[in-house]
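Dear colleague,

I am passing on a structure for you to look at, and below it I have set out what was found.

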Amino acid sequence: MACIRGERPVFSGVSFSLEPGGALTLVGPNGSGKSSLLRILAVLLKPAGGTLTWEGAPVDQDWTAHRQRLHYVGHLDAVKPTLTATENLRDWARFRGAARAAPGALEALGIEELADVPGRFLSAGQRRRLALARLLAAPAPLWLLDEPTVTLDADASARVTAMIAAHRTDGGIAIVATHGEIALDGAGRLELGEHAVSADMLMTEADGESEEEEQW
Amino acid sequence: MVGVFLRLVGRELTLAVRGGIGTLMAVVFFVIAVTLFPLGVGPELGLLSRIAPGAVWVAALLAALLSLDRLFVADHEDGSLEQLMLGVLPIEFVVLAKAVAHWLTTGLPLAAAAPVLALLLNMSVDGLVILIVSLLLGTPILSLIGAVGAALTVGLRRGGALIALLVLPLYVPVLIFGVGAVEGAVLDVGVHANLSILAGGLVGALVLGPLAAAAALRMTVE
C-alpha cells in the first residue's frame, strides 16, 4: 500500500495482516504517515496504490459494510459543545446504527459523573475520554485509534489499554498509532519511518506497491 | 435508517436552539431589511405595494444566506463530519438532514414572518396567501442549493463570502418565479405556472442538491 498527500509521497510498500484478537501499533516520526494510514484503513482517504481486504474480500466492493465494522478515533473528538456527554454519546451510537448507547461506556472511561455536563465545560482529556467512549457505545470489530492517549492522564491511559485488551479478548482487532505511550501485549509493530519514500523513488516503483491484507 | 435521519435532524435542531440568538439572526435580519424599504422609498402606498413582492423575496434570499456558512464548518472543525461519514447514514442523507434543519430554522420562520412584513408594504390579501405559498416552496430550494455552496467552501478560510458569490446566481430563478407568483396573484393574472415551476425546482433540488454537496464533502474530508 502506498500513500501520496498533496503530491508528496508519504510511504509505500506497507503490508500487513491481522488475525482476530490481533493488534498493531504504528510507530514512526511525525509526518511518517501514521494518521494517513489509519484514514486509509477507515476509507476516509483513498490509497495511491494497493488493496485493503477483509476476510479475503477487497473492501472497495462494499464501502458501507466496511464502515460499519470499524471505529475511528482521530485527533478530533467530535464532541458538540452544547450537547451533554450523554447526548453526544447517544447520538454517535445512533448514527452508528445502534438503537441506543450501550450502558457502561462512560463508566469504563471514568467519566460517569460528567454525564450531564455540556461538552464546552469538558477539559481536553475529558473530551478525549468521551470520544473513546464511542468505541464501547456501539460495538465494532475493528478499532482504528490515532494517538488515543495523547491528552490523557495515567489513570485514563491504563483504562484505554485495558479496553483494548478486553476488545482483543472478544476477538476484535486494534490498530493504534502511538509514540510509544501504549504497550500492547503481543502486538505487531509497524515502523512507518522505514517505508518513507522520496519523489524520485516513487517514479521508479510505480507498479511496485505491495498488498495489504487484513484477514478476519 | 429513517430513525437515524430523524435523530440527525433533531440533533441539528437541538444544536440550533442551544446555539442561542444566532438561530434567530436570519429572521431578525429579514424583518429589519424589509422595514428599510418604506423608510428608504417613502410612505407612498402605491409605490410600496408595487415593490412589495420583490422587496420581501430579495430580503428572504439574503436572510437565507446568512447562516449557510456555518452549515458544515462546525462539524468539519470538531471532527463530527468524518464521524458522520463513517456512520450508517449515506452522506447524501446527512446533507439532506442538515438542509431540512436549516430550512426549519430559517425558511419556515421567514415564511411565517413574511405576511406581517408584506402587510407593512401594503400588499393585498391575495398576494399575502401566495407569498406564503411561494416562500414555502422556494425557501427549501434556497437551503438545498445553499448546502452545495456550503459543502464546496467548508475547508476554506473566509468561505462565507465565497458562498454568497457561488450561490446567489443560482438563487435567481427562485427569485424570478417566486416574485412572479406573488405578482400574478396581486394583478389577478394567475399563479399556477410560477408555483408549478417552483415546485418542480424543489423536486429537482431535493435530488440533485444532496448528491452534489455529498461529492464536495467527500473531497473535503480526504
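**Surface, fold and contact of chain B**

The accessible surface of chain B comes to about 9,500 Å², and 75% of that area belongs to carbon and sulfur atoms, where accessible areas come from the Shrake-Rupley method with a 1.4 Å probe and, for residues, only the protein chains shown count as cover. Please bear in mind that this is a predicted model, in which local features need pLDDT of at least 70 and side-chain atom pairs count only at pLDDT 80 or more, while totals for chains, interfaces and linings use all residues. Residues are numbered from 1 along each chain as its sequence is written, chains are lettered from A and ligands numbered from 1 in the order in which they are written, and side-chain values use heavy atoms, with hydrogens and water left out.

Chain B has nine helices and zero strands, counted as DSSP runs (H or I, at least four residues, for helices; E, at least two, for strands) and numbered from the N terminus. Its radius of gyration is 18 Å, close to the 17 Å that the globule rule gives for 222 residues, so chain B is as compact as a globular protein of that length; the radius is taken over C-alpha atoms, and the rule is 2.2 Å times the number of residues to the power 0.38.

The contact with chain A (heavy atoms within 4.5 Å) takes 25 residues from chain B and 28 residues from chain A. Along its principal axes, the C-alpha trace of chain B spans about 55 × 35 × 30 Å.

With best regards
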